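Dear colleague,

I am handing over the structure below, and I would be glad if you kept it open while you read my notes on what was found in it.

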Amino acid sequence: MKQNPQHPGEGRAAARSGGLAGRLDRYFHVRERGSTFPREIRGGLATFFAMAYIIVLNPLIIGTAEDMNGQTLGIPQVAATTALVGGVITILMGVVSRYPFALAAGMGLNVIVAYSLAPQMTWADAMGVLILEGVVLLLLVLTGFRTAVFRAIPPELKSAIAVGVGMFLALVGFVNAGFIRRVPDAAGSTVPVQLGDGTLSGWPILVFVLGLLLTIALIVNRVRGAMLIGIIAATAVAIVVEAFAKVGPMDAGGGEVNPEGWSLTVPSLPTSFGDVVSLPDFSLIGNFNLFGSFANAGTIAVILLIFTLLLADFFDTMGTMVGVAGQAGLLDEKGNVPRAREVLIVDSLGTIAGGVAPASVNTVFAESAAGVGEGARTGIAPVVTGALFLVATLFSPLVELVPFEAATPVLVIVGFMMATQVTKIPFSDYSIGIPAFLTIVMMPFSYSIANGIGVGFISYTVIKTAQGRIREIHPLLWTVAAAFAVYFALAPIKALLGL
């Protein structure tokens, strides 16, 4: 775990300092981990610019999705809380864990919140579910029960869940950009979806395609901050296009539809200082109802939704934590993260904070690896990253200038990154290959992550039982599969009971 600093002169200077620098060095183990203060600061900056896209993308998902009453949270409000919670929790992670891990609203997790939770309840209820999930996660960490949860789910199914979420995420990106659309009912076609309106036409689609191709080019060339650069460049193109072509919104008003218009935000140059910088709107903070979801969605449905979030949140954090720590050379001889308990505690608090200040589940970001690549090895880097997130709260009005078509290419790219875990699934073994396949395809096809997980768990237990390999099924997995079976059969069960 010890590493020699590349710049020993800087390390000796810090050691000789008996003031603040010396105390920070000892607390964060800067020299011990072979780092220096300048490298930590550079790492913090690199991590921020690698993950700053979430300040733009999360509001376009969480802020525009409708709850059961058709209400939305609002783009600028969610932008402000996304930056606020990300900043506070990232600083807390740096100080408490002393590792170079940064947190923000997790991609994939925010999709679950927007498209699985919100349609079944109010936004306040949905945020209450996040808080409950965070509390459960915290208890699992404090009691050590997380080990049992980790062992209950076959690793191949964990990979399948990640792949399925990636496919679902990519579909959301294509649909929100208008690249993929429903075939009109009057078309008389049995095909449910198609490219655009049958062909790819219109300036917004071109902006999406250019943004996607540019982001791909930047990603494959390992350009730092590739996704943020892609969003900014595509937005600039969109502003120029709108200035000259006058495309206008897709909703032309009066019931008229402009099929080649912008799907949500019409891009334009800022016309005043207030369109760039303003005091953040934190009015959403405290907008949660802890137990209201049980009345709207039902106890079983809420428990399953909490479990779905718990599963995705828990394993996403574990995988990212080990991966980034491994890249930094901070794993012990057994491949574990020393003092991982502190990391998981702060991560759980991130989930709770994401519900209290509606911003979705905050979790450890894989983009923390960008800071590690710049030499970050300690908690000083996330303190820098978190401070930059707090500064970014002042620039939340800029988010309203970004059209869906400029931001959604990132969803497709993140979907690809999550889908790369498909290589970990042995499809030649039908007992795991079939459940994994069903998990993956059910998420985008049913437009529900929970459905994919449920079908995967049920099919896994059924196949293993049919093979006489019951002992391979963890007792907790039996419980979860049974709960999902009740969830899927809830309507006939209610009819049978006369409810």
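The largest share of the nonpolar patch, three residues, comes from helix α5, which covers residues 75-97. This is a predicted model, and in it the patch as a whole is made by Tyr27, Leu92, Val95, Val96 and Leu349, with an area of about 330 Å² on the surface. Leucine 92, which lies in helix α5, has a relative accessibility of 31% and therefore counts as partly exposed.

Is threonine 363 buried or exposed? Its relative accessibility is 1%, so threonine 363 counts as buried, and its place is in strand β6, which runs over residues 362-364. Leaving aside residues up to four places away in sequence, threonine 363 touches several others, among them Ala102, Leu103, Gly106, Leu109, Asp313 and Asp347. With aspartate 347 there is also a polar contact, in which the two side chains are joined at 3.2 Å.

Finally, please look at helix α20, which is formed by residues 449-466. Because 18 residues at 1.5 Å a residue should span 26 Å, and the end C-alpha atoms of α20 are 26 Å apart, the expected span and the model agree. Helix α20 is also mostly covered, since 13 of its 18 residues are buried, where buried stands for under 20% relative accessible area. After α20 comes glycine 468, which has a positive phi, near 75°.

With best wishes

Methods. Residues numbered from 1 in each chain as written. Predicted model: local features only at pLDDT ≥ 70, side-chain atom pairs only at ≥ 80, totals over all residues. Heavy atoms only, no water. Helix = DSSP H or I, 4+ residues; strand = E, 2+ residues; numbered from the N terminus. Buried < 20%, exposed > 50% of the residue type's maximum accessible area, 1.4 Å probe, protein only. Polar contact = N/O pair within 3.5 Å; in protein donor to acceptor, adjacent residues only side chain to side chain. Contact = heavy atoms within 4.5 Å. Patch = residues over 30% accessible without salt bridge, like charges linked within 9 Å, V, L, I, M, F, W, Y side chains within 5 Å. Areas by Shrake-Rupley, 256 points an atom, 1.4 Å probe, with all protein chains shown as cover. Salt bridge = Lys/Arg side-chain N within 4 Å of Asp/Glu carboxyl O. Expected span 1.5 Å × (residues − 1).
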